[in-house]
Amino acid sequence: MLQWLLNWILDGLKHSPEILLFLSLSLGYLIGGIRIGKFQLGGVAGSLLVAVALSVFGVTVDAGVKAVLFALFIYAVGFESGPQFFRSLGVKTLREIFLALFIAVAGLITVVVLAKIFNLDKGLAAGLAAGGLTQSAIMGTASDALSQLGLSADELSKLQSNVTIGYAVTYIFGSLGAIIVCVNILPKIMGRDIRDDAMKAEAEQLNGSLLLGNNQNLALSDISGRLYRITNNIAQTVAQIEQKLNGISVERIKRGNKIIEAAPDTALKAKDIILVVGHRNAMIKAHELFGSEVNSASGMDIIMNTQDVEMRNTRYVGESLKQVLASDEVMKLKHGIYLIAIHRDGQPLNLNDDIHLQLGDIITVYGADSDLKRVIDRIGAPITKSEKTDWIFHGLGLVVGLIIGLIVIRVSGIPITLGAGGGALLSGLIFGWYRSLHQTMGNIPTGALQLLKDFGLAGFVAVVGLSSGLQAINTIREQGLSLFLIGIVVTLLPMILAIYFGKYVLGYKNAAVFAGALSGARSANPAFGEVLNKAGNSTPTNSFAITYALANVFLTLLGPLVVAFV
């Protein structure tokens, strides 16, 4: 009976190998979520280990599934990092660029030298880079590069399996070692405390203002609405009132039991109930002008919305915000409209009169729907928030990336190629950057993007584990300890060298900022989490975001380079 049940299970798994794929993800994320002290394995490494264990069933998943999953993951990473990546390529962030580049080059040299010394093949060396530097994407780009070498099917399978072996043996310390270096070793070498430097930096940046977290709002909001019953004899029109009290708008008027239009030439009368919306400082003066405030009045509520608009009107391009707001056309348009923010290339601008508008600026305005429509038509195109993914845009992005991955350039007889992974990453960067400039296209909800990254990478390594697990187990038995020790060197040496490089060459002074940059340059999310805990605020985030975006490119491209030079 037991044998029959086992045969039935094996037969079912062979017909539906996807069962083991999803079981690897489920159990892998369960195991990966277990925290031991400050160390947490993570869902990707957990999925790989479970898949290796499940490989004893001898069931493999089609290689095409692996290729699709990795393409989705790496494109999503590039798309998310694209805006920050291209913004980081400037004078202001040269320090972060050089740090990320230094880590990548030091990591490459370390792996290549150790591979030569210990006679590691191309597969083991690539896996050593992926695990020791905790950049799982190297597994995919290295596997793609190996497939371009013209090897026999057996040799290619062996080398690609060895990529998994090297990764599996070295990944655990790769994560743990990055935490130790960023949180413990860096402050000692710098002679500074992460929390103290984080608090100092935050105080300098805020300059006395308040920092809001997620789901937090100021109790005293800048824009508010009030109902007033006119008790003073003002005898002025809506336009005259709004001109006199710059920063408010009369949105609705109730005279007796009748709602009347709040047109510019409508004269206000005693006993009228009016709905006034405006900036807080102007509302104080409104109270003095109109009289008593009313708690409520039927028919006087209106819905106010916040809308992002992409600037497309060339008439205003190049003009200062002061000039635009003072123009006769805008003066007629801006009734009931409040400027909340302006973003350029994904970054908020400080609202002041000297801002010169550019095509593609994202202007955030607040007001009633009727007022918003009137203004949006003159500014450009509204950016509609949607839960749907623009697969016309992203499908094209993946096609472009995969085509780039087919290109092979030979240097001194050595084939150099980005492969499908590197091509999809480059395409994702470009399409993500383009989306940041033209936000009316290429929509993808945050949750959908996260699903592509999580399922793409974890699914990819799970397929690799199921296909190569048995061979991996046998090889680990033979040389697992030596690989583990080599992996320790690959993890620690580039980071320690980078600390001295950052301190004495790049001139990092703030330990919190430096720790964030270092964890990002190593693409070490667990280390960054511990740095944030140590800092107690978000000071390390900006430097991390820049180097992390760069590391996703630089470290991922190590895959074909390791294959080429080992």
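**Loops, rings and cores**

Let me start with one residue: N119 is exposed, at 69% relative accessibility. N119 sits in the loop between α5 and α6 (122-132). Its phi is positive, near 55°, and N119 is not a glycine.

Before I go on, a caveat. This is a predicted model. Mean pLDDT for the protein is 80. Of its residues, 86% reach 70 or more. Among the elements, helix α5 (residues 94-117) has the highest mean, 93. Strand β14 (residues 414-417) has the lowest, 58. Keep that in mind if you look at β14.

Back to the backbone. K271 also has a positive phi, about 75°, and K271 is not a glycine either. Where does K271 lie? In the loop between β5 (258-260) and β6 (273-279). K271 counts as exposed, because its relative accessibility is 67% and the cut-off is over 50%.

Now the rings. How many aromatic pairs are there? The count is 10, with ring centres within 6.5 Å as the rule. Take Y500 and Y504. Their ring centres are 6.3 Å apart and their planes meet at 10°, so this pair is stacked. Both tyrosines belong to helix α17 (residues 446-504). They are 4 residues apart, about one turn of the helix. Are they buried or exposed? Y500 is partly exposed, at 41%. Y504 is exposed, at 58%.

Compare Y508 and F514. Here the centres are 4.4 Å apart and the planes differ by 5°, so these rings are stacked too. Both residues are buried: Y508 has a relative accessible area of 2%, and F514 has 0%. Y508 has another partner. The charged end of R95 sits over the Y508 ring, 4.0 Å from the ring centre.

There is also a ring cluster. Ring pairs join F70, F73 and F460. Hold on to F460. We will see F460 again in the core.

Next, N510. N510 is in the loop between α17 and α18 (511-521). Why does this loop residue count as buried? Its relative accessibility is 18%, and buried means under 20%, so N510 falls inside the cut-off. What does N510 touch? Leaving out residues up to four places away in sequence, the contacts are M190, D197, A198 and A201. Within its own stretch, the N510 side chain places a polar atom 3.0 Å from the backbone nitrogen of V513.

Last topic: the cores. The largest nonpolar core has 112 residues. Which members touch the most others? They are L99, M139, L186, F460, L518 and V562. Helix α17 contributes the most to this core, with 17 residues. Now zoom in on L518. L518 touches L99, I103, V181, C182, L186, M495, A498 and I499, again without residues up to four places away in sequence. Two of those names, L99 and L186, are on the list of core members I just read out. A second core is separate and has 18 residues. Its members include I234, I248, I253 and V276.

To recap, helix α17 holds the stacked Y500 and Y504 and gives the most residues to the largest core. The loop after α17 holds the buried N510. The exposed positive-phi residues I showed were N119 and K271. That is it from me.

How values were computed
Residues numbered from 1 in each chain as written. Heavy atoms only, no water. Phe/Tyr/Trp six-rings, centres within 6.5 Å; stacked < 30°, edge-to-face > 60°. Helix = DSSP H or I, 4+ residues; strand = E, 2+ residues; numbered from the N terminus. Buried < 20%, exposed > 50% of the residue type's maximum accessible area, 1.4 Å probe, protein only. Lys NZ or Arg CZ within 6 Å of the ring centre and 35° of its normal. Core = buried A, V, L, I, M, F, W, Y, C linked by side-chain atoms within 4.5 Å. Contact = heavy atoms within 4.5 Å. pLDDT = per-residue confidence, 0-100. Polar contact = N/O pair within 3.5 Å; in protein donor to acceptor, adjacent residues only side chain to side chain.
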